[in-house]
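Trainee: Could you take me through one part of this model closely? I would like to see how the two chains are arranged and meet, and then look at a single helix.

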Protein chains: 2
Amino acid sequence: MTALDNIQTNNEPRIRRFKKSIKKVCSKKVIERKLPLIQWLPKYSVGALIQDIIAGITVGLTAIPQGIANALIAGLSPEYGLNAGLLGGFVYVIFGSVKDITVGPTAIIAAMISQYVDYSPDFAVLATFLAGLVEFLMGAFNFGFLVEFISMPVISGFSTAAALQIAASQFKSLFGLQGSSGNYFAQSIVYFFENVKTARLWDPVLGFGTIFGIMLLKCIGQGCSNTGGILQKTRWYLSLSRNAVVVVIGIIIAFVIKQITDEEPLILVGAINRGLPIPGLPPFSTTVGNDTYSFTDMLGVFGPKSFIIPLVSTLEAVAIAKAFSNGLQVDSNQEMIALGLCNIASSCVNSMPITGSFTKTALNNASGVRTTAGGIFNCLLVILSLTTLTTTFYYIPKASLAGLVISAMFAMVDYKIFGKLWRHSKRELCVLVTTLGVCLGVGLEYGIVTGVLFDALIVLYGKARPTVDFYVLKIATADLIIVPLNYTMSYCASEQIRKTILRAARTVATDSYIVIDGTNLENIDLTVASNLMSVAGDVEKRTCPVLFLNFDESIKYLCVDIKPQLRSKFVSTTNVSDTVDVYLKCA
Amino acid sequence: MTALDNIQTNNEPRIRRFKKSIKKVCSKKVIERKLPLIQWLPKYSVGALIQDIIAGITVGLTAIPQGIANALIAGLSPEYGLNAGLLGGFVYVIFGSVKDITVGPTAIIAAMISQYVDYSPDFAVLATFLAGLVEFLMGAFNFGFLVEFISMPVISGFSTAAALQIAASQFKSLFGLQGSSGNYFAQSIVYFFENVKTARLWDPVLGFGTIFGIMLLKCIGQGCSNTGGILQKTRWYLSLSRNAVVVVIGIIIAFVIKQITDEEPLILVGAINRGLPIPGLPPFSTTVGNDTYSFTDMLGVFGPKSFIIPLVSTLEAVAIAKAFSNGLQVDSNQEMIALGLCNIASSCVNSMPITGSFTKTALNNASGVRTTAGGIFNCLLVILSLTTLTTTFYYIPKASLAGLVISAMFAMVDYKIFGKLWRHSKRELCVLVTTLGVCLGVGLEYGIVTGVLFDALIVLYGKARPTVDFYVLKIATADLIIVPLNYTMSYCASEQIRKTILRAARTVATDSYIVIDGTNLENIDLTVASNLMSVAGDVEKRTCPVLFLNFDESIKYLCVDIKPQLRSKFVSTTNVSDTVDVYLKCA
């Protein structure tokens with residue numbers, strides 16, 4: 001009976017613990033965190049609805065031309081960019097936690113997938129699915145902290161390089177050139193100069209006109225708000241929807257020329273399939289020319305970069321979330337889950353990858369959005385355009401879109417950080433410049449990895465060169481050469497410690513003891529412990545006795561396990577100068 | 001004239017400084033460090049010469065069969081392994097700093113280059129040159145510290161995996177199998193079971209006999225030394241040269257069988273080109289089948305791994321140098337320079353990469369070597385064998401070499417570390433097991449990179465999660481919520497700091513101040529500073545004033561540069577409770 005009793009008493013708390021953890025997982029607070037929708041939906045008002053509708057439509061007016069432009073950056077046909085606006089908003093309403101964030105295709109991610117699109121557009125859709133899966137898993141398993149290892153200089157170098165690369169890749173459309181637009185900045189520039197002889201006349205005229213128009217409309221709206229008079233309100237709204245305005249003007253110009261002269265002096269976006277895409281699984285295999293790529297072949301094409309795209313995508317979203325969180329806590333894991341589900345859903349409707357978009361989020365905020373529901377109206381506008389406006393989109397001049405994209409890039413370059421780092425930290429400037437250089441010269445994904453590793457190496461180097469030194473304490477009977485070890489010592493510091501002890505040993509006179517003072521030592525690892533024991537053994541053999549003072553029991557246990565013959569050298573005393581006496585008494 | 005004066009007074013110290021640095025570079029001490037030869041050569045004696053000759057020949061007896069065996073591990077013909085013994089010893093005499101170190105091909109490096117040899121043996125020679133170049137440059141630019149970032153668990157996991165992989169790759173020769181031997185452990189094992197039906201009879205018999213013979217000869221020598229009687233001396237020498245003994249026995253068996261039966265029941269090493277290689281530049285281009293590989297194509301084949309081979313090679317050499325330095329300081333940069341030059345020289349005589357070899361170095365030490373000159377006699381023996389013994393080498397049975405290699409691998413596996421880490425640090429055990437697993441399942445180079453990154457992530461995670469907390473100090477007029485920041489805070493800690501401040505802000509009552517106490521803060525970087533200013537701005541807007549106490553001038557300067565409107569919030573006072581009073585007085 002006792003055995004049974006035991007089992008029961010052992011099991012009861014386990015069941016209770018299980019129930020507790022179930023309760024914890026299902027608690028209202030957790031559910032609210034995982035489904036932010038149920039926090040705000042009960043309080044949702046008509047006023048909020050109207051504001052969300054206005055914001056959603058304003059954002060949609062930018063999202064449609066930007067979606068087409070981003071698809072063209074990736075080298076995809078425009079549908080992939082428009083499809084990207086179909087489901088993301090709906091999914092984000094349920095799982096997203098920051099009201100201003102608008103998901104959609106971004107120029108950076110478009111630039112990063114362009115090299116795979118050269119194989120087949122199916123790679124772009126699979127990238128959407130993979131990005132979604134990785135983001136979801138990272139969020140679900142609390143790997144959101146990974147973005148904390150990307151420092152500001154790296155982010156800044158990366159986004160400046162991305163802006164330059166995206167702008168450079170648009171030169172092809174801006175000048176109406178033939179040939180490829182290149183996969184990274186240096187290549188784009190080389191291709192531009194190789195093909196510049198094929199430049200056309202009217203495309204650059206319209207392109208630069210678009211850039212000028214956007215700058216003008218931006219200036220018009222300055223100082224205006226939607227609370228002023230009718231003129232102020234019009235200027236404000238015109239400025240907010242400037243992206244749509246310039247594209248509409250481009251469409252009208254192209255359309256009118258076509259009607260009058262039956263010619264197309266501008267390169268146009270061209271035919272877009274009308275109607276909504278048929279939902280289906282993402283393409284887990286594809287055909288390129290005569291080769292069939294299985295799922296694993298496709299994964300092989302992505303290689304380790306299939307991890308970098310989701311990371312950058314998360315980084316964009318988390319950075320934007322922080323910028324618009326207004327000092328509220330951002331749950332980056334929840335954002336990753338939301339983003340992951342948005343991408344997984346989108347990959348079923350032939351979409352390119354999506355993430356939080358800075359321009360659209362800022363526009364959403366400026367338009368006074370109240371909840372994430374704004375995204376729904378943005379999506380509805382995309383659906384409307386896909387079903388009714390595709391013939392209109394035929395006339396969008398590619399140069400207009402190029403002008404639109406290049407204008408957006410001005411804001412992405414952070415000029416100020418260079419001065420700040422020059423004044424305060426040349427080392428961080430070095431990280432920034434390295435990241436920027438590798439991004440521009442080799443590719444964005446290589447640049448960000450280089451930057452992260454560079455930063456990590458700096459931190460590691462700091463850990464590898466702790467302040468370790470020694471001092472001499474003369475007592476009546478002997479000289480004590482004391483080497484204090486502090487805090488936690490990691491493997492990379494072991495060489496520094498070894499060198500210090502050897503340096504201390506070189507100062508030894510007769511009747512000396514080397515005392516390794518571990519009073520303030522919190523922890524060491526195997527590498528440090530082994531090195532310590534090895535150098536202590538060497539010094540004992542060649543010069544003088546080595547004593548270990550006030551080592552923590554667990555550290556002592558590790559050291560003695562490595563070199564049992566030094567067991568007697570571990571001494572504990574509150575007074576450093578007593579070390580030798582205590583040692584001799586025990587020995 | 002004043003301008004000229006200025007230039008002169010500015011220039012003079014510059015010239016003096018330049019002269020000083022020239023003097024520093026050319027000082028006797030530096031030259032002695034860079035050319036250790038001139039330290040010991042003047043004191044060289046006949047006694048030392050005799051000891052070096054004995055040691056050199058003993059090592060040579062092992063180096064010759066091991067060189068052939070290592071060439072076979074890499075999938076090369078035996079010459080490449082023998083050529084590796086030609087120049088290394090001579091160069092190391094001039095530049096090497098540790099008397100016991102013997103350079104030569106090692107099994108680990110052989111295993112790492114085997115995948116490139118599948119293209120063409122020229123890749124092995126180019127690998128030698130590249131390894132030499134990278135090692136030399138790393139040494140010359142003081143990058144020797146890089147090996148400090150490889151912790152003991154990673155080294156242990158890597159070398160255990162290397163031993164297992166090398167042993168597994170020898171199963172083919174041990175059993176006389178057909179087919180490939182595989183490029184990494186898992187593959188070798190799969191290939192072994194696929195081809196095990198092709199196993200021959202006499203090869204495994206001789207192979208296991210060789211292993212048994214080596215174990216026996218090792219036991220024979222235990223407890224003996226070269227100071228005892230003639231029997232002791234013979235046993236000691238027989239045991240030291242056991243590698244040569246078993247191979248000679250193998251040769252005799254194969255030769256006798258051939259003479260008597262005119263059959264070759266054992267797979268033999270076969271024809272080796274007689275004579276010394278003609279020195280020339282390493283192959284900077286090569287032909288594989290019908291394809292010509294230019295230098296850049298060849299570099300492309302190596303990829304980033306062209307950096308890992310030199311690193312591992314250096315690691316082996318530095319680890320061995322430390323083990324045999326007897327408590328003297330090891331200059332790892334000098335070791336890298338020496339090793340680099342050895343490899344560059346060797347690459348001109350069709351050699352595979354070389355580095356410090358543990359077995360040969362231990363043997364050298366046991367044979368009582370006195371200076372690095374021992375290496376010369378080892379080289380002379382290799383030259384002799386290449387010019388006269390190639391017909392003898394024809395009869396070396398591959399199974400004998402396989403037995404030799406497998407025996408050497410037993411010593412490379414560090415069993416004890418598993419128990420130590422289990423008892424003391426499960427986290428480090430995790431690093432070890434991960435490194436081991438990736439090395440075995442994917443490849444040695446991937447495993448070591450994974451291990452290094454895993455370790456780095458653990459250190460970074462520690463830096464990302466510093467102990468940051470807050471406490472409340474009630475003074476007469478208000479509540480002070482104090483957040484102390486200590487030591488140096490790096491970018492990865494910024495999120496932790498931000499979270500703590502937001503958590504502190506949630507406890508705010510009326511009349512509260514949040515005080516960020518920087519009294520013990522040594523330094524922060526741009527990421528932390530920006531995050532601090534951004535969260536402080538948000539908290540100021542939403543809840544209560546934020547004050548910065550006792551920030552170092554340079555940190556304050558950085559913070560104010562980021563957010564000038566918070567300038568007035570920086571307060572200095574020795575007494576924390578005076579913070580608000582001081583702030584109000586200034587404001």
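Mentor: Start with the two copies in this predicted model. Chain A superposes on chain B after a rotation of 179°, with 0.1 Å of shift along the axis. The RMSD of that fit is 0.3 Å. The copies are therefore related as by a two-fold rotation axis. Both use the same surface: 97% of the contact residues of chain A recur in chain B.

Now the interface. On one side are 37 residues of chain A, in contact with 36 residues of chain B. On chain A, the elements that give two or more residues are α9, α22, α24, α25, α26 and α27. Of these, α26(A) gives the most, with eight residues. By type, the chain A side divides into 15 nonpolar, nine polar and 13 charged residues.

Next, the single helix. Take α23 of chain B, residues 426–441. It has 16 residues. From first C-alpha to last, α23(B) reaches 22 Å, close to the 22 Å expected at 1.5 Å a residue. Look at its buried residues. They are E428(B), L429(B), V431(B), L432(B), T435(B), L436(B), V438(B), C439(B) and L440(B). What covers them? The cover includes α9, α11, α22 and α24 of chain B. It also includes α26 of chain A. That is the helix that gives the most to the chain A side of the interface. Just after α23(B), G443(B) takes a positive phi of about 150°.

Compare a residue elsewhere. R423(A) is found in helix α22 of chain A, residues 416–424. R423(A) counts as exposed because it has 12 C-beta neighbours inside 10 Å. Pick a second point, A529(A), which lies 106 residues from R423(A) along the chain. The C-alpha atoms of these two are separated by 41 Å.

Last, confidence. Chain A has a mean pLDDT of 86, and 96% of its residues reach 70 or more. Within chain A, helix α23 (residues 426–441) has the highest confidence, at 93. Helix α1 (residues 2–26) has the lowest, at a mean of 60. Over residues 1–10 of chain A, pLDDT stays under 50. For that stretch, the model has zero contacts beyond four places in sequence. For the complex, the predictor gives an ipTM of 0.76 and a pTM of 0.75.

Conventions
Residues are numbered from 1 along each chain as its sequence is written. Chains are lettered from A and ligands numbered from 1 in the order in which they are written. This is a predicted model: local features need pLDDT of at least 70, side-chain atom pairs count only at pLDDT 80 or more; totals for chains, interfaces and linings use all residues. Helices (H or I, at least four residues) and strands (E, at least two) are DSSP runs, numbered from the N terminus. The expected span of a helix is 1.5 Å times one less than its number of residues. A residue is buried if 20 or more other C-beta atoms lie within 10 Å of its own, exposed if 12 or fewer, and partly exposed in between; C-beta atoms are placed from the backbone. Two residues are in contact if their C-beta atoms, placed from the backbone, lie within 7 Å. Copies are superposed by least squares on the C-alpha atoms of residues with pLDDT of at least 70 in both. Ala, Val, Leu, Ile, Met, Phe, Trp, Tyr, Cys and Pro count as nonpolar, Asp, Glu, Lys and Arg as charged, and the others, Gly among them, as polar. pLDDT is the predictor's confidence in each residue, from 0 to 100.
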